[in-house]
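Work through the two exercises below with the structure open. Each task is followed by a solution in steps.

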Amino acid sequence: MNTRLIAARVLSRVLQDGQSLTAALESALQSVESGKDRAFIQALCYGVCRYYHRLDFILSELLDKPIKDLGVKALALVGLYQLKYMRVKPHAAVSETVLAARKKPWAKALINALLRGYLREQDSLEQKADNVQYAAVSHPDWLIKQIEQDWPQQAQQILLENNQQPPMALRVNLARISRDQYLQQLSEQGIEAVAVSFCPSAIILDKPATVDLLPGFAEGLVSVQDTAAQLAAGLLDVQAGHRVLDVCAAPGGKAAHLLECQPHTRELVAVDIDASRMQRVSDNLQRLKLSARLVVGDAATPQDWWDGQFFDRILLDAPCSALGVIRRHPDIKLLRRAEDIKPLQALQLNILHAIWPLLAPGGIMLYATCSILKQENEQQIDAFLAEHPDAVELPIDVAWGYAGSHGRQIMTGESAMDGFYYARLGKS
Ligand SMILES: C[S@@+](CC[C@H](N)C(=O)[O-])C[C@H]1O[C@@H](n2cnc3c(N)ncnc32)[C@H](O)[C@@H]1O
């Protein structure tokens, strides 16, 4: 099948059905054999989501009335994306995209006219887009306002970073190999990479690579994980003999890292509400030759699964808006709504309150999100501390991130990291 048509179908699943780009792509790519075609479809889909708001503005300038058929609209966006952002020859981009619409003659004519119209008026259309904020930065209005409200100084940079392609970061399994030794193995494979100075396990690849090209991946020497997520283990500081709880644990990246850092952990209990995601925790731990007790359960109702024994350390990597990882999941800009934030906040606070009694006196709980919104981060810690006199905030003395009223905020793109938040809470 025509690669542009496959990309348009994936995009209409996102636009029309609200499916995530990851899920829509995964099922569509199953039937595509050529690696080159898969990469092209992926680039089109990620690119259109990343620049959706700008492309949509340009499309509206080229049209008298909006295209009601979302499949055809998606194809028009795929066409515009190629012309503006890809190194496809313009005549090939136009003719191949028109060909993808061949089953609908009206759409064929429309897409042909649209794409040729864009090529004729490209400079003035792009200039117009630069003068309208949501199109210029390619974000929905509500999100621009929210970011500007929370981070007036950093907002422009955050919006820019959200549209970048993120680097591929690796976590070296330090229980099995040193970072220098692994860098040596990468170099022998011709893979260029650098160590991250402030995170002992992290490596950033110069160019993304498929995991089967990474030495020792199948044997568990290394995992794919952003540097920001790798900072959790250092902050939780698990000691030999500790009993550890990881709530909201799937797919298990941080749980695995905790076990790699402290092989003498007494027990790690990983809880997640989603059974299918929990299977991924199991697969990851198996590859890394690690073990944990896996519990499918609701973090907000520990009475359903807790055995009554306290934990010395708790990681709560809360369900969140994921606005810190937009560069990895640009469909978030299309799918997330302003009204999603309040219910997420309520859930986060519920889980915080429900889990706190499980922490042993003298224990540490680490609250984390991959969000940059204060409502999900420092404001939650503020609300939590106000209700728990036995909780104290513990300092995070590090060189990365911003110190807010509570915890530490990593801005998207800082030292090539995802946007992330951490707060450490100790029980007196
Ligand atoms: C940010 S992800 C966790 C990532 C994970 N800590 C890691 O490092 O791989 C949030 C997880 O919370 C889970 N979740 C959402 N609501 C939950 C609840 N009420 N109880 C338990 N888990 C929940 C989701 O299924 C999702 O896997």
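**Exercise 1. Which side-chain or backbone atoms make polar contacts with the ligand, and how much of the ligand is covered?**

Solution, for this predicted model:

1. Start with the side chain of K254: one of its N or O atoms is 3.0 Å from an oxygen atom of the ligand.
2. Turn to the backbone. A polar backbone atom of A250 is 3.1 Å from a ligand oxygen, and a polar backbone atom of C248 is 3.1 Å from a ligand nitrogen.
3. Consider the cover. On its own the ligand has 600 Å² of accessible area, and the protein covers 86% of that.
4. Sort the shell by class: eight residues around the ligand are nonpolar, three are polar and six are charged.
5. Pick out the nearest residues. Of the 17 around the ligand, these are D272, R277, D298, A299 and D317.

**Exercise 2. In what order do the four strands of the open sheet lie, and which helix packs on the sheet?**

Solution:

1. Write down the order: β2-β3-β1-β4, with antiparallel pairing.
2. Identify the edges. β2 (193–195) and β4 (222–224) each pair on one side only.
3. Take the angle between neighbours: on average, neighbouring strands are turned by 30° against each other, direction ignored.
4. Examine one pair. Three bridges link β2 to β3 (residues 202–205) in the antiparallel sense; I203 in β3 is the bridge partner of A195.
5. Add the helix. α11 (residues 179–188) packs on the sheet and touches β1 (169–172), β2, β3 and β4. The direction of α11 makes about 20° with that of β3.

Terms used: Residues are numbered from 1 along each chain as its sequence is written. This is a predicted model: local features need pLDDT of at least 70, side-chain atom pairs count only at pLDDT 80 or more; totals for chains, interfaces and linings use all residues. Side-chain values use heavy atoms; hydrogens and water are left out. Two strands pair if DSSP finds at least two bridges between them. Helices (H or I, at least four residues) and strands (E, at least two) are DSSP runs, numbered from the N terminus. Axes are lines fitted to C-alpha atoms, for helices over the stretch in contact, and angles run from 0 to 180 degrees between N-to-C directions. Contact means heavy atoms within 4.5 Å. A residue is near a molecule or strand if one of its heavy atoms lies within 4 Å of it. A polar contact is a pair of N or O atoms within 3.5 Å; within protein, one must be able to donate a hydrogen and the other to accept it, and residues adjacent in sequence count only if both atoms are side-chain atoms. Accessible areas come from the Shrake-Rupley method with a 1.4 Å probe; for residues, only the protein chains shown count as cover. Ala, Val, Leu, Ile, Met, Phe, Trp, Tyr, Cys and Pro count as nonpolar, Asp, Glu, Lys and Arg as charged, and the others, Gly among them, as polar.
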